[in-house]
Amino acid sequence: MTRCSAIVRHHITVPRDEGYLSLVEDLLANAEVRGMERYIQHGTTTCLHHCISVSYLSYLFCRRYGLDTAAAARGGLLHDLFLYDWHTYRRAPGERLHGFEHPRKALANASRLFSLTEKERDIILHHMFPLTLTPPRSKEGCVVTMFDKYCSLMETLRQPVLVLSTALSEG
Ligand SMILES: [Fe+2]
Ligand SMILES: [Fe+2]
């Protein structure tokens, strides 16, 4: 088994990694979280699969370096739970660009659906740093922010992202 292999869980293709899945099972079982599959995030990648990639790479990184894997996996999976197509979204009067607004929307949606830790809330709210000026307060927040940038770039270039999971799983 390689870390890149996949299985279907709750009708979603997810990494074949029971340690990871045990941390996010309740999130994946939620219909609104799975609703992110309806929207493209970058290139041909849906918002749901973008969030799974960010979540899983952050989980592997935190596992390798002894950080909080649950916060990284859960905060990463919920970080873009804004539930609209940002490419065609019409802003309400006074609303700022999507890049600035969506962390607060994702946090509001995630807080409505789940009981979040303070660290998970901070990961979601500050994942767009440095576009939004306040950095994440935790190391795990910095990890999610880093892998969000990496995945966004690779998805925009239509390149595979989970190839990194092999390197993060070694050693
Ligand atoms: Fe985002
Ligand atoms: Fe993202």
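Hi everyone, let's start at a loop: His-11 sits between strand S1 (6–9) and strand S2 (12–15). Before I go on, please keep in mind that this is a predicted model.

So what is going on with the backbone at His-11? Its phi is near 65°, a positive value in a residue that is not glycine. Is His-11 buried or exposed? His-11 has 8 other C-beta atoms within 10 Å, and the cut-off for exposed is 12 or fewer, so His-11 is exposed.

Now look at the two strands on either side. S1 and S2 pair in the antiparallel sense, over four bridges. If you want one pair to find on your screen, take Ile-7, which stands opposite Val-14 in S2. Two residues lie between the strands of this hairpin, and His-10 there takes a positive phi near 55°.

While we are on positive phi values, let me show you another one. Leu-83 is not a glycine either, yet its phi is positive, at about 65°. You will find Leu-83 in the loop between H4 and H5. With 16 other C-beta atoms within 10 Å, Leu-83 counts as partly exposed.

That loop brings us to helix H4, so let's spend some time there. How do helix H3 (residues 47–64) and helix H4 (residues 69–78) lie relative to each other? Their axes come within 7 Å and cross at roughly 170°. An angle over 145 degrees counts as roughly antiparallel, and H3 and H4 are therefore roughly antiparallel to each other. The crossing of these two helices is right-handed.

Which residues make that contact? From H3 we have Cys-51, Ile-52, Val-54, Ser-55, Ser-58, Tyr-59, Cys-62 and Arg-63. From H4 come Thr-69, Ala-72, Ala-73, Gly-76 and Leu-77. Sorted by class, the residues in the contact of H3 with H4 are eight nonpolar, four polar and one charged.

Let's stay with H4 a moment longer. Eight of its ten residues are buried, so H4 is largely enclosed by the rest of the structure. The buried ones in H4 are Ala-71, Ala-72, Ala-73, Arg-74, Gly-75, Gly-76, Leu-77 and Leu-78. And what do they pack against? The partners are helix H1 (18–28), H3, helix H5 (98–113), helix H6 (118–125) and helix H7 (139–156).

We can see the H1 side of this through one residue. Leu-23 is found in helix H1. Setting aside residues up to four places away in sequence, Leu-23 touches Thr-69, Ala-70, Ala-73 and Arg-74. Pick Arg-74 from that list: Leu-23 and Arg-74 are 51 residues apart along the chain, but their C-alpha atoms are separated by 7.1 Å. As for its surroundings, Leu-23 has 19 C-beta neighbours inside 10 Å, and a residue needs 20 or more to be buried, so Leu-23 counts as partly exposed.

Here is another residue of helix H1: Glu-25. Glu-25 is partly exposed, with 13 other C-beta atoms within 10 Å. Try finding His-126 as well: Glu-25 and His-126 are 101 residues apart along the chain, and their C-alpha atoms are separated by 24 Å.

Next, let's turn to H5 and H6. How do their axes run? The axes of H5 and H6 come within 8 Å and cross at roughly 145°. On the H5 side, the contact uses Pro-103, Arg-104, Ala-106, Leu-107 and Ala-110. These meet Arg-121, Ile-124 and Leu-125 in H6. By class, this contact of H5 with H6 has six nonpolar residues, no polar ones and two charged.

Moving on along the chain, we reach Pro-130, in the loop between H6 and H7. Have a look at the peptide bond from Phe-129 to Pro-130: it is cis, with omega near 10°.

My last stop is Gln-159, in the loop between H7 and helix H8 (164–169). Gln-159 is exposed, with 10 other C-beta atoms within 10 Å. How far apart in space are Gln-159 and Met-146? They are 17 Å apart, C-alpha to C-alpha, and 13 residues apart in sequence.

That's my tour, and thank you for listening!

Definitions and conventions. Residues are numbered from 1 along each chain as its sequence is written. Chains are lettered from A and ligands numbered from 1 in the order in which they are written. This is a predicted model: local features need pLDDT of at least 70, side-chain atom pairs count only at pLDDT 80 or more; totals for chains, interfaces and linings use all residues. Axes are lines fitted to C-alpha atoms, for helices over the stretch in contact, and angles run from 0 to 180 degrees between N-to-C directions. Angles under 35 degrees count as roughly parallel, over 145 as roughly antiparallel, 65 to 115 as roughly perpendicular and the rest as oblique. A crossing is left-handed if the near helix is turned anticlockwise from the far one by less than a right angle, and right-handed if clockwise. Two residues are in contact if their C-beta atoms, placed from the backbone, lie within 7 Å. Ala, Val, Leu, Ile, Met, Phe, Trp, Tyr, Cys and Pro count as nonpolar, Asp, Glu, Lys and Arg as charged, and the others, Gly among them, as polar. Two strands pair if DSSP finds at least two bridges between them.
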